[in-house]
Amino acid sequence: MRRLLVSMASILALIGMFAGGTTSASPAPKQAIDALVSEASPTGQHPQNAQNEPALAVDPTRSNVLAAGANDLVDMQPCSQQASTTAGACSFPLGTFNLGVGITGVYFSFDSGHTWIQPEYQGLTAADCDPTVEPCTPHPGPIHTVPNYYENGLRSRSDPGVAFGPAPVNGTFSWDNGSRLYVSTLATNLTDTIIKHGGVNSTFAITVSHIDDVTEERIQDQANWSKPYFVPAHVASSAGLDKEQVWADNASSSPFFGNVYLCYSDFHSFSHGNSFPLKPMVATSTDGGLTWKAHQVAPPHANRTHGAYDACTV
């Protein structure tokens, strides 16, 4: 993992695609410029300066407004001296980072990607734990990851997705209502055990939260963010959800305008990787991300027989 940088040339090309044009129709930039996205990340301090698996979205109604997500360890304990010297790791329990601390970062740009903001919210943090003291006990405090997970007994747990769509008002989608940013992520509970929330009976879930009409002022207020919603609302104990991505139908001419789609893989078995079926899934929301209905969209594959078909896009 490394600090998250984006190339301005890549962003300009992406904006051109969202605007319906081609990159050849616009003047090429004289040179690519790297912009630091994870600007709350400290320099020279691991693992807090580590990010990977970035995602990027452009607001179709305001092409200068960008949102990004990434796995971000900014709120973790500085690398534990004991864990690093005795186990070649950075935190205890091994393989969990700091239990309960979220790792899904969210970032915003309002100048077409030249500069970025990584907002500060409140949640569960281990960032101020002493690396020479064990155990590190996370506590409520400032965080720089997607908010409102700790307050709902959850932890944002990686594989972020971001997408802009029209905001709904009284059940109707229109760009006149403004835009809604959807942020998807895997999630666990605060102890990485079976979630047991409603119909979710697995250790991992997929969640989507949202914020409307992002501005430099609105993104600073945690109250403008929704709670995380489960996708789907019912998850079997044998399910293993992974590699989700989210997209919203942003074409006002579409009969499905405003619908939100989330694809993911369901490793559906207790076989611990021994020929278990991988189910390609797509969930749909027609009410702005509040409720979801999941569908299996292709026959399952047994990974030992056919290879693993993990990850997706919409």
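1. Counting bonded cysteines along the protein chain, the disulfides run 1-2, 3-4, 5-6. That fits a total of three disulfides. Keep in mind that this is a predicted model, so the remarks below are about computed geometry.

2. Start with C79 and C90, which are joined by a disulfide with an S to S distance of 2.0 Å. The two cysteines sit eleven residues apart and tie together distant parts of the chain: C79 lies in the loop between β4 (62-72) and α2 (81-87), while C90 is in the loop between α2 and β5 (104-109). The S-S torsion for C79 and C90 is about -95 degrees, so this disulfide is left-handed.

3. Is C90 buried or exposed? With a relative accessibility of 19%, C90 counts as buried, because the cut-off for buried is under 20%. Its partner C79 comes out as partly exposed, at 25% relative accessible area.

4. Next along is the pair C129 and C136, a disulfide with the sulfur atoms 2.1 Å apart. The torsion about this S-S bond, between C129 and C136, is about 70 degrees, so the disulfide is right-handed. Both cysteines, C129 and C136, are buried.

5. Then there's C263 to C312, again a disulfide, with S to S at 2.1 Å. This pair links distant parts of the chain, 49 residues apart: C263 belongs to strand β18 (residues 260-267), and C312 falls in the segment after α3 (303-306). A torsion of about 100 degrees around the S-S bond of C263 and C312 makes the disulfide right-handed.

6. How do the two ends of that bond compare for burial? C263 has 3% relative accessibility and counts as buried. C312, on the other hand, is partly exposed, with a relative accessible area of 26%.

7. Back to β4, the strand before the C79 loop. Eight of its eleven residues are buried, so β4 is largely enclosed by the rest of the structure. If you are looking at the side chains there, remember that in a regular strand they alternate between the two faces of the sheet.

8. What does β4 pair with? On one hand there is strand β3 (residues 51-59), antiparallel to β4 over seven bridges. A hairpin of two residues connects β3 to β4, and L56 stands opposite A68 in β4.

9. β4 also pairs with β5, in the antiparallel sense over six bridges. Here A70 stands opposite G105 in β5. For orientation, the loop holding C90 is the one between α2 and β5.

Methods: Residues are numbered from 1 along each chain as its sequence is written. This is a predicted model: local features need pLDDT of at least 70, side-chain atom pairs count only at pLDDT 80 or more; totals for chains, interfaces and linings use all residues. Side-chain values use heavy atoms; hydrogens and water are left out. A disulfide is a pair of cysteine sulfur atoms within 2.5 Å. Helices (H or I, at least four residues) and strands (E, at least two) are DSSP runs, numbered from the N terminus. Buried means under 20% relative accessible area, exposed over 50%, partly exposed in between (1.4 Å probe, protein chains only). Two strands pair if DSSP finds at least two bridges between them.
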